[in-house]
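Visitor: Could you take me closely through one part of this model, the sheet and the helices that lie against it? I would like a connected account rather than a list.

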Amino acid sequence: MSQSASDPLEFVRQRGLGALADKMGIEFTEFGLERAVATMPVAGNTQPAMLLHGGAYVVLGESLGSMSANLHAGEGRLAVGIDINATHTRSATSGTVTGVCTPIHLGRSVTVHEIAISDDQGRRCSTLRITNMIKDRPTS
């Protein structure tokens, strides 16, 4: 997908998010080079105390950041995650959470994105940063 694609959200639909993101109910609602947004239900993604699992925040963040890096990478190139970190500051207990992904750095070989995840009341629950390495897509 080139940076000048007419419908970047179609890129997500064609490529798919993978089995894990599908099982977790992640849905992209906006997708472009400068901003990507996705939602995920709390139900079905909780830990035993009925709070959204910390790993679920990370899956949402990595889905957003990696797809955004791949859009930037363009045709014939592949972005792969090399680092991710998350700071959880609030617990979601119901409804949905929304992740908003914005680029910090869009380079030729490395991208860095920040993902802010908020609950239905707009309160930030987790902040993530993901670094992706861009390389040529394997030919076989």
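Guide: What follows goes from the sheet to the helices and then to the place where two helices meet. Please keep in mind that this is a predicted model. The sheet is an open one, built from six strands that run in the order β1-β2-β4-β5-β6-β3 with antiparallel pairing. Its edges are formed by β1, residues 27-31, and β3, residues 77-88, each of which pairs on one side only. On average, and ignoring direction, neighbouring strands of this sheet are turned by 25° against each other. Within the sheet, β4 (residues 96-106) and β5 (residues 110-118) are joined in the antiparallel sense over eight bridges, and G99 has I117 in β5 as its bridge partner.

Helix α3, residues 54-73, packs on this sheet and touches β1, β2 (36-41), β3, β4, β5 and β6 (124-136), while its direction makes about 40° with that of β6. Helix α1, residues 8-15, lies across the edge strands β1 and β3, and runs at about 150° to β1.

The two helices also meet each other: their axes come within 11 Å and cross at roughly 115°. Because angles from 65 to 115 degrees count as roughly perpendicular, α1 and α3 are described as roughly perpendicular to each other. The crossing in which α1 passes α3 is right-handed. On the α1 side the contact is made by P8, F11, V12 and R15, which meet M67, N70 and L71 of α3. Sorted by class, this contact of α1 with α3 comprises five nonpolar residues, one polar and one charged.

Notes. Residues numbered from 1 in each chain as written. Predicted model: local features only at pLDDT ≥ 70, side-chain atom pairs only at ≥ 80, totals over all residues. Heavy atoms only, no water. Pairing = 2+ DSSP bridges. Helix = DSSP H or I, 4+ residues; strand = E, 2+ residues; numbered from the N terminus. Axes fitted to C-alpha atoms, helices over the stretch in contact; angles between N-to-C directions. Contact = heavy atoms within 4.5 Å. Parallel < 35°, antiparallel > 145°, perpendicular 65-115°, else oblique. Left-handed = near helix turned anticlockwise from the far one by under 90°. Nonpolar A, V, L, I, M, F, W, Y, C, P; charged D, E, K, R; others polar.
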